[in-house]
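Please look over this model before we discuss it. My comments are below, as numbered points.

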Amino acid sequence: MIADRILGVVLMALGLVAAWSAMQLEVPFAADPLGPSPFPATVALVMALCGLGMVLRPVHGFSRPERLAAPPLLVLAMIGYALLMVPLGFMIASALMATVVALLFGARMAAAGVVGVTTAVALWLLFDKLLDLPLPKGILPL
Amino acid sequence: MDVFAALGGGFGVALQPGNLLLAFIGCIVGTAIGVLPGIGPLNAIALLLPFCLALRLPPESALILLAAVYYGSGYGGRITAILLNMPGEPSAVLTTLDGHPLAKQGRGGAALAISGIGSFVGATLSVVAMTFLSVPLAKVAVAFSPADYVALIAFALSLLGAVSDGPAVKAWAAGCVGLLLAMVGVDSGTGVERFTLGSLELLGGIDFTVLAIGLFAIGEILLLIETKLRAEAAKLGGGEKLSLREVIHCVPTMLRATGIGFVIGVLPGAGASVASALSYTAEKRLNEAHGKFGQGDMRGVAAPETADNAAQIGNLVPMLSLGIPGSGTTAVLLGALLMYNITPGPLLFEQRPDVAWGLIASMYIGNAMLLLLNLPLVGIFARLLTVPAWVLYPGVLALSFAGVYAASNSAFDLLLAIGFGVLGWLFRKMEIPLVPIVLGFVLGRMLEDNLRRAMSLSDGDVWALLGSPVSIVLWVMTLAAVAWPMLRGLRRVAQPSRGV
């Protein structure tokens, strides 16, 4: 119940800010009769109204994860991957990320390492060699 | 006959060796992802889309591949439903009711066979209906003015609330999120930057693949990782084979289910889940006296699986003929066509007959392939379930990121996809549906462009939006679709004891 209320408030706030921001838009020259503002402003206000509806009649709560730590750890691993992909290269970054994800899904260390390396090599071969789509090489001499 | 000549041309496209191969790959991928819990057609198409773009597949080939994944998934969802009592797709929930009891009685193989035949009958008859209906429907839509289109899109969006399982405000809020995300970037009409937060990367707007992969592939893995996966070994059961008499016994059921499924599918908003539920209920009521529904009736397996596939094909009709997708997955297919600068809609059949008819022809071929694939090879697909999560999902995740990167070459898009993944996960946890976000995103630009055109034609007179009988009818229906969930909510307040 409380989660619906919080999300409702967030949607209302976002909707109002978005509507206000859309109203501020100015067109440098006289263009079409619609202009850039009315459509996004209307949609944002409808979203704020939906948020109000959720605040007034909340239904659902936030279902608590069975494993509390896993989702944030996965997000951290993915962000690290996104930041390291270009400097380290696709192969190393993917191997690291896939290993961490396999561990998070409950694999043993050695098995996770095998999964990580196999995934990275297989995808590299698929993209770079078979499909001819270049991925960042990074520090490996490929 | 025009239709036959056009369909012949379509077969010319679909029978090219490359396209045949793509349809075959799509059918295998589709069945496989239908089997795997947690990966649906939507995620798979979102994952394949960057490949199609990066490989510069022509639009008709890309569509043949992606559509085969889409209708192929309708064949896969039943396998887990029957063997493990665990629907691989939401629309296979009803299949568990009779399918799993049959498997327990040792007739899992027979249940799989009848559901495969049902899927084929439903899909193929619906493709026939689509062949004859698409062009007439498109001809009606050619006469639509921009104002009529505004009303049609508003109607499609308003239906999201009426057909959603949860509270309507949540579906509408999600639709608004999608519409606003579509506004990010430089406005095509006026050249003004909107909602870019000063970011250069967002000037060109949000890439459709980034949104779809983030929300569905990454979000789904976040959802999977927080629970411990429990899968039991799959057993096919060596009992009695399906007899011809049993198949014939199911034919009337299949025909009725095809009708229900196709009609539900063509209507915007309602999808395969509604169709399979309706047709199961209908068969159960019709055959109450001499059936054993719920304890393992063949017709109880045939009905939902036939309707499911018929509805999937039906969903494609408004997408191709009107340019209005009826479901999340067809919205992704529409997004794919838009990335190729092809606008589905009334003119598609005239301007790009190779795309429209090539797709329709390929669906005849694809469904035949699926029937052949699914009857003898069902055991191989069932074995996919024994792949442990820690092998499968790291690969899916790495594939998602590689796809995003190959399509955009930007690390920023990777971070954006992660952001959408977290958003999708949070929304799923709060029971906010994600499909309206994709629909809103795809329809957003279209809605504003048509609104802009309508306003230009009328010189800014808002009443022009109600200028034609078509638009008035559609707006009345929109109002009804908005009012219906509200009335439903009020009634629930008035009779709290009956609350569901």
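The notes that follow take the two chains in turn, then their contact, then some helices and loops.

1. Status. This is a predicted model. Every value below is computed from it, with local features requiring pLDDT of at least 70.

2. Chain B, overall. Chain B has 19 helices and two strands. Its radius of gyration is 22 Å, and the globule rule gives 23 Å for 500 residues, so chain B is as compact as a globular protein of that length. The C-alpha trace of chain B spans about 70 × 60 × 50 Å along its principal axes.

3. Chain B, burial and contacts. Of the 500 residues, 60% count as buried. Take the contacts in chain B between residues at least 6 apart in sequence: 80% of them join residues at least 24 apart.

4. Chain A, overall. Chain A has five helices and zero strands. Along the sequence the pattern reads α-α-α-α-α. The radius of gyration of chain A is 23 Å, whereas a compact globule of 142 residues would have one near 14 Å. The C-alpha atoms of chain A fill a box of roughly 55 × 45 × 20 Å along the principal axes.

5. Chain A, domains and burial. The assignment divides chain A into domain 1 (2–56) and domain 2 (70–130). The C-alpha centres of these two domains of chain A lie 39 Å apart. Buried residues make up 37% of the 142 in chain A. Among contacts in chain A with a separation of 6 or more, 62% come from residues 24 or more positions apart.

6. The contact between chains. How many residues does each chain bring to the contact? Chain A gives 62 residues and chain B gives 53 residues. On chain B, the helices that each supply at least two residues are helix 3 (41–54), helix 8 (168–183), helix 9 (208–225), helix 16 (389–408), helix 17 (411–429) and helix 18 (435–458). Helix 16 of chain B has the largest share, 13 residues. By type, the side of chain B that touches chain A divides into 37 nonpolar, six polar and ten charged residues.

7. Helix 1 of chain B. Helix 1 of chain B covers residues 2–14. Its 13 residues reach 18 Å from first C-alpha to last, close to the 18 Å expected. Which residues of this helix are buried? They are B:Gly10, B:Val13 and B:Ala14. These buried residues cover an arc of only 90° around the axis, which puts them on the same side of helix 1 of chain B. On the other side, B:Phe4, B:Ala5 and B:Gly8 are exposed. The cover over the buried residues of helix 1 of chain B includes helix 2 (17–35), helix 4 (59–84) and helix 15 (353–383) of chain B.

8. Helix 11 of chain B. Residues 272–286 of chain B form helix 11. Its 15 residues reach 21 Å, close to the 21 Å expected at 1.5 Å a residue. The buried residues of helix 11 of chain B include B:Ala272, B:Val274, B:Leu278, B:Tyr280 and B:Glu283. Among the elements covering the buried residues of helix 11 of chain B are helix 7, helix 10 (244–266) and helix 12 (298–321) of chain B.

9. Helix 12 of chain B. All 24 of its 24 residues are buried. The end C-alpha atoms of helix 12 of chain B are 35 Å apart, which agrees with the 34 Å that its 24 residues should span at 1.5 Å a residue. B:Gly323 follows helix 12 of chain B, and its phi is positive, near 80°.

10. B:Ala162. This residue sits in helix 7 (residues 146–163) of chain B. B:Ala162 has 17 other C-beta atoms within 10 Å, so it is partly exposed. B:Ala162 and B:Leu338 are 176 residues apart in sequence and 27 Å apart in space, C-alpha to C-alpha.

11. Backbone angles to check. Most residues other than glycine have a negative phi. B:Arg56 has a positive phi, near 55°. B:Arg56 lies in the loop between helix 3 and helix 4 of chain B. It has 8 C-beta neighbours inside 10 Å and so counts as exposed. B:Asn341 also has a positive phi, near 60°. B:Asn341 lies in the loop between helix 13 (328–339) and helix 14 (348–351) of chain B. Is B:Asn341 buried or exposed? B:Asn341 is exposed, with 7 other C-beta atoms within 10 Å.

Technical notes
Residues are numbered from 1 along each chain as its sequence is written. Chains are lettered from A and ligands numbered from 1 in the order in which they are written. This is a predicted model: local features need pLDDT of at least 70, side-chain atom pairs count only at pLDDT 80 or more; totals for chains, interfaces and linings use all residues. Two residues are in contact if their C-beta atoms, placed from the backbone, lie within 7 Å. Helices (H or I, at least four residues) and strands (E, at least two) are DSSP runs, numbered from the N terminus. Ala, Val, Leu, Ile, Met, Phe, Trp, Tyr, Cys and Pro count as nonpolar, Asp, Glu, Lys and Arg as charged, and the others, Gly among them, as polar. The expected span of a helix is 1.5 Å times one less than its number of residues. A residue is buried if 20 or more other C-beta atoms lie within 10 Å of its own, exposed if 12 or fewer, and partly exposed in between; C-beta atoms are placed from the backbone. The arc is that of the directions from the helix axis to the C-beta atoms. The radius of gyration is taken over C-alpha atoms; the globule rule is 2.2 Å times the number of residues to the power 0.38. Domain bounds come from an automatic or database domain assignment.
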